[in-house]
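Subject: A structure to look at

Hello,

Here is the structure I promised you. Please open it and keep it on screen while you read my notes.

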Amino acid sequence: MAKREDYELRTESLVMPIIEENNFELVDVEYVKEMGNNYLRVYADKEGGISVDDLEIISRALSDLLDVEDYIPDAYILEVSSPGLGRQLKKDKDFKRSIGEVIEIKLYKGINKQKDFEGVLTSFDEETLTITLEDESEMTFKRPEIAMVRLAIDF
């Protein structure tokens, strides 16, 4: 298991009791390096939307636990935030919640030179996602071929 995955899994196990105790939902945990800094990011939500005060509860409690456990030897910045409007869909629970919603799919390798697709998520399983395009045709994508999936933002 990669160091990044280990940090994410260990952080998820630390934060879950805090999340459950407060009736929040854990959306994602990620450990990334950006512009020379390491970030440990926790994304949380709740029915009706999560507030800054809710995020502070998670941040303070998790920060204390991370100081005790101390399993990340490198310097990092802890960020606890809401997932935002254009959040990525990664887990089956994300896809289940998004059935009937318009999503954007970006592929690693294009189909007929096209890498970006948008349509209504109609179904998913372990191996595939299916969307209905604007012209009412359906397209099915294999999950390993998908670089990113997120809810489409309509301005």
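Of the 155 residues of the chain, 35% count as buried. Keep in mind that this is a predicted model. The C-alpha trace spans about 55 × 35 × 30 Å along its principal axes. The accessible surface comes to about 9800 Å². Carbon and sulfur atoms hold 48% of that surface.

Now the charges. The chain has 20 positive side chains and 36 negative ones. The centres of these two sets lie 5 Å apart.

Next, the elements. The chain has three helices and eight strands. Read from the N terminus, their order is α-β-β-α-β-α-β-β-β-β-β. Contacts also reach along the chain. Among those with a separation of 6 or more, 50% are between residues 24 or more positions apart.

Start with the open sheet. Three strands make up this sheet, in the order 1-2-3, and their pairing is mixed. Which strands stand at the edges? They are strand 1 (25-34) and strand 3 (77-81). Each has a single partner strand, so one side of each is left without a neighbour in the sheet. From one strand to the next, the twist averages 15 degrees.

Look at strand 2 (residues 37-45) beside strand 3. The two run parallel, and five bridges join them. One pair to find on screen is tyrosine 39 and its bridge partner in strand 3, isoleucine 77.

Two helices pack on this sheet. Helix 1 (residues 3-21) touches strand 1 and strand 2. The direction of helix 1 makes about 145 degrees with that of strand 1. Helix 2 (residues 52-69) touches strand 2 and strand 3. The direction of helix 2 makes about 150 degrees with that of strand 3.

Now move on to strand 6 (residues 128-132) and strand 7 (residues 138-142). How do they run, parallel or antiparallel? They run antiparallel, joined by five bridges. Threonine 132 stands opposite glutamate 138 in strand 7. The two strands form a hairpin, with five residues between them. In the turn, glutamate 136 has a positive phi of about 75 degrees.

Last, the faces of strand 7. In a regular strand the side chains alternate between the two faces of the sheet. Met139 and Phe141 form the covered face of strand 7. Glu138, Thr140 and Lys142 form the uncovered one.

Best wishes

Terms used:
Residues are numbered from 1 along each chain as its sequence is written. This is a predicted model: local features need pLDDT of at least 70, side-chain atom pairs count only at pLDDT 80 or more; totals for chains, interfaces and linings use all residues. Side-chain values use heavy atoms; hydrogens and water are left out. Two strands pair if DSSP finds at least two bridges between them. Helices (H or I, at least four residues) and strands (E, at least two) are DSSP runs, numbered from the N terminus. Axes are lines fitted to C-alpha atoms, for helices over the stretch in contact, and angles run from 0 to 180 degrees between N-to-C directions. Contact means heavy atoms within 4.5 Å. Buried means under 20% relative accessible area, exposed over 50%, partly exposed in between (1.4 Å probe, protein chains only). Accessible areas come from the Shrake-Rupley method with a 1.4 Å probe; for residues, only the protein chains shown count as cover. Lys and Arg count as positive and Asp and Glu as negative; His and the chain ends are not counted. The place of a charge is taken as NZ of Lys, CZ of Arg, CG of Asp or CD of Glu.
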